Amino acid sequence: MSTLTRTAPFQGRRLSDVVNELTEEVRELYTADEVPWVIGYSGGKDSTAVLQLVWLALKDLPVEQRTKPVHVISTDTLVENPVVAAWVSRSLETMGKAAQEQQLPIEPHRLTPKVEDTFWVNLIGRGYPAPRPKFRWCTERMKIRPSNTFIRKVVRRHGEAILVLGIRKAESQARARAMAKHEKGRVRDRLSPNGNLPNSLVYSPVEDWTNDEVWMFLMQQSNPWGHKNKDLLTMYQGASSDSECPLVVDDTTPSCGDSRFGCWTCTLVDQDKSMAAMVNNDREKKWMEPLLKLRDDLDDVSKEKETRDFRRMDGRVQLFNDRVIPGPYTQAAREMWLRKLLEAQAIVRKKAPDDMSNIELITMEELHEIRRLWVFKKHEVEDSLPKIYEETTGEKFPGKPLDEQLVIRAGEIELLREICGDDEIHFTMVRELLAVEREYRTKSRRSGLFEALQKVIEKGFYEDEQDALDFAKRKREALQGDTQTELKNEPQVLTLDEKTNDDAPA
């Protein structure tokens, strides 16, 4: 039977020697120039280890040398695992107080995406389908933009920035390859160029550490800002499917470093293993079950036929192998997701522990933005969000009344539905035409009215999805053949997507 050989922790060196060497390196880099530092902090083991090293290094510097700001940034997507989000929030509060007391230039910042970039505003408001590997619209908006915006502000103010990150080569082969590539371009010892952000360098002090070495450091070195690392270990342990997350005691002891925390809404993975493990391992976390259920509903591709429009966001019909590529969520689907989310929030608030009883799965700011998108961008002028909110929460929606000129009364909507019968496409087209006309009625100049009306008509031109499919096939065939000849033989209606110069008078 073969035995698995593993490298001794820190290549056989004592932990104290490794820490002393690294903290000395941190001090040398910190005092070498006036470039501010930005530490990426997720609350996980790697970023905690990096922040501890920097903290220990700065603490040994004379106060007069602690002149350069060290910004600690943590991005909350607003759909983070609630347990982890609460942990990070408490850690940032503790960190800020401890830094002031210890006279350290460490400044924690909790970053969030702009309201128009949040998960629910895009999914429920705009109708973006649940993220998939080929349509990963969430990461850029929710994670990358907030941190990059902050870093760019630092660069504009100081001309340069050094990013201190907890990235490690042992995380994955892809990460190791990327780090090796950037190592070749290092301009100073241990500082690599950042390919995405100009005038910023990357410092990764624990890049060569293994999972076991990270945990050894965290368990043997107390947290200098007072947030207990044993609680962090417990959180990782609860997020492991086998409930095991032991300390490194010998060469065969596994670590729990593979646990991954992320957005509870994530549909880019088959299952949210960390949250599922938390719920299964700890009865006190059963209150998160509605979140798992909602996440699984979002991931159910079998219902996409009934929840997504056959047209793209701009009204076009696109084909793939003679099939229509589904577009955004329909109005009914978006209203359904809002109801499910608010219902889940109500259940969670009743079952969660006292310190989580006011949890917000969706913020009031997001609800206001969703309402604005539905009424003014999608022309869903019946303004259904306040009603859904009141029906699911039992509370009156705190939003202000909308401009009555842009909202059609409930009685008028019911009459329009009665006239259109089961023809949903006809109903939405007429409703949108009325909304566009009302919108332009309030303007001093009505330039662009005809173009806006034409877009609405083009979008509602089809009888149903099959009619749209047949139309798209005919159009594709016409474009593949002799374009001029084919278009002459086609009915005039096939040129509906051509632009016109007609305009409405002022």
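Accessible areas here come from the Shrake-Rupley method with a 1.4 Å probe. On that basis, the chain of this predicted model exposes about 27100 Å², and carbon and sulfur atoms supply 48% of that area.

The overall architecture may be considered next. The chain comprises 19 helices and eight strands. Of its 506 residues, 47% are buried. Among contacts with a separation of 6 or more, 71% are accounted for by residues 24 or more positions apart.

Helix α9, which spans residues 273–281, offers a local view of the packing. Its buried residues are Ser274, Met275, Ala276, Ala277, Met278 and Val279. These buried residues of α9 pack against three named helices: α3 (82–101), α8 (229–238) and α10 (289–298). As general background, an α-helix has 3.6 residues a turn, so residues three or four places apart point the same way.

The cysteines form the final topic. A disulfide requires a pair of cysteine sulfur atoms within 2.5 Å, and by this rule the count in the model is zero. Cysteine 138 is in no disulfide, for the nearest cysteine sulfur, that of cysteine 266, is 6.3 Å away. Where does cysteine 138 stand with respect to solvent, buried or exposed? Cysteine 138 counts as buried because its relative accessibility is 11%, and buried means under 20%. Cysteine 420 likewise counts as buried, because its relative accessibility is 9%.

Conventions
Residues numbered from 1 in each chain as written. Predicted model: local features only at pLDDT ≥ 70, side-chain atom pairs only at ≥ 80, totals over all residues. Heavy atoms only, no water. Buried < 20%, exposed > 50% of the residue type's maximum accessible area, 1.4 Å probe, protein only. Helix = DSSP H or I, 4+ residues; strand = E, 2+ residues; numbered from the N terminus. Contact = heavy atoms within 4.5 Å.
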